[in-house]
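Hi,

Here is the structure I promised to pass on. Have a look at it first, and then read my notes below.

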2 protein chains.
Amino acid sequence: MRIGELAARTGVAPRLLRYYEEQGLLKPGRSANGYREYDEALVERVRQIRSLLASGLSTRTIRTVLPCLLDGQFHVRDAAPQTLAALEREYRQLVERVECLSRSRDAVGAYLGAVRALTGAGAGA
Amino acid sequence: MRIGELAARTGVAPRLLRYYEEQGLLKPGRSANGYREYDEALVERVRQIRSLLASGLSTRTIRTVLPCLLDGQFHVRDAAPQTLAALEREYRQLVERVECLSRSRDAVGAYLGAVRALTGAGAGA
DNA sequence: CTTGACTCTCACACCGGTGTGAGAGTTCGA
DNA sequence: TCGAACTCTCACACCGGTGTGAGAGTCAAG
């Protein structure tokens, strides 16, 4: 599919799809006329990129992490030791972030629960 | 304590501490000479802010969420309905993010596990 | 009193992710 | 064949978080 369709299906502006390509996150083929040609699988990939970006990871980090996230298709061979070390760091930060966010989530949840209890639980759960 | 000490103890530049104040995340007192005076408890608070920022939350969001994170001291009375609605939204986004980040964490973790298994587990766990 | 470390405010600048427009080429249906 | 809609590249601009510097005030130690 071309960039417009991918944009429509992912809700991500063409501008950004080009940007992600520039950052090495996407590698669409090219038609004879120069148009980008996107594989079906890239729909999911774009969603993943968006998720990771929203979670505070940089495109640089995502470029490192993304190859590992293609459902179980680990291509371990081409993993340079430096890449692995970086990945270990990212993993630790990911763990930290999940913990921090989980705590925040629980705190906010507890607060909302308390408010509902006190105000007669008017809010739709 | 003054801004320099807080910066030293949190590893956060004075510039940023002022910025967080400007964004309504911190409200230090002022000495007679105009210097900011930080309460001991703000050390922890600054760390929390940093974590949330690193997790992709905006200062605006953090400003909404932060009051609920001060260990159980819910001041429910002054909760305007709009604030609560906003908080509900933030909560849902928090849940989403935790899920997204958890997936990424697990994927990276699985990858690292696979690599260790194949390369003789040289990495220090 | 002087000096140096610290603080204040203000302002410009960087970077990364994103928006937007210009100008030119391609595709496709009316 | 014409025009609308799409694509391309390039470039400037915005915004949020951050760095950095200028110019001035505060304060403690020598």
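To start with one residue: does A:Asp106 count as buried, partly exposed or exposed, and at what relative accessibility? A:Asp106 counts as partly exposed, because its relative accessibility is 43%; buried means under 20% relative accessible area, exposed over 50%, and partly exposed in between, with a 1.4 Å probe and protein chains only. The side chain of A:Asp106 meets that of A:Arg105 in a salt bridge, 3.1 Å from N to O (a side-chain nitrogen of Lys or Arg within 4 Å of a carboxyl oxygen of Asp or Glu).

Some ground rules before the rest. This is a predicted model, where local features need pLDDT of at least 70 and side-chain atom pairs count only at pLDDT 80 or more, while totals for chains, interfaces and linings use all residues. Residues are numbered from 1 along each chain as its sequence is written, chains are lettered from A and ligands numbered from 1 in the order in which they are written, and side-chain values use heavy atoms, with hydrogens and water left out.

Now chain A as a whole. It has 5 helices and 2 strands, in the order α-α-β-β-α-α-α along the sequence; these are DSSP runs numbered from the N terminus, with helices being H or I of at least four residues and strands E of at least two. Of its 125 residues, 39% count as buried.

On to the salt bridges, of which the structure holds 14 over all chains. A:Arg30 pairs with A:Glu21 at 3.4 Å, N to O. A:Arg30 counts as partly exposed because its relative accessibility is 47%, whereas A:Glu21 is buried at 19%. In chain B, B:Glu21 and B:Arg30 form a salt bridge too, with their closest N and O atoms 3.5 Å apart. Shared partners also join the salt bridges of A:Glu5, A:Arg9 and A:Glu40 into one network.

Next, how the two protein chains meet. Each side brings 37 residues to the contact (heavy atoms within 4.5 Å). Chain A and chain B bury about 3500 Å² between them, 80% of it on carbon and sulfur atoms; that is the accessible area (1.4 Å probe) that two parts lose on being put together, summed over both. In chain A, the residues that lose the most area to chain B are A:Leu101, A:Arg105 and A:Tyr111, together 19% of what that side buries. There are 2 salt bridges between the chains, including one from B:Glu88 to A:Arg116 with the closest N and O atoms 3.2 Å apart. On the chain A side, H3 and helix H5 (81-118) each supply at least two residues, and H5(A) gives the largest share, 23 residues.

Finally, the DNA. There are 19 residues around DNA strand C, and A:Tyr19, A:Asn33, B:Gly4, B:Arg18 and B:Arg36 come nearest (near means a heavy atom within 4 Å). Of the strand's atoms within 4 Å of the protein, 71% belong to sugar or phosphate and the rest to bases. Polar side-chain atoms of A:Tyr20 and of A:Asn33 each lie 2.8 Å from a phosphate oxygen of DNA strand C. From A:Thr59, a backbone N or O atom lies 2.8 Å from a phosphate oxygen of that strand. H2(A) gives the most to the surface near DNA strand C, with 4 residues.

Enjoy exploring!

Key:
Polar contact = N/O pair within 3.5 Å; in protein donor to acceptor, adjacent residues only side chain to side chain.
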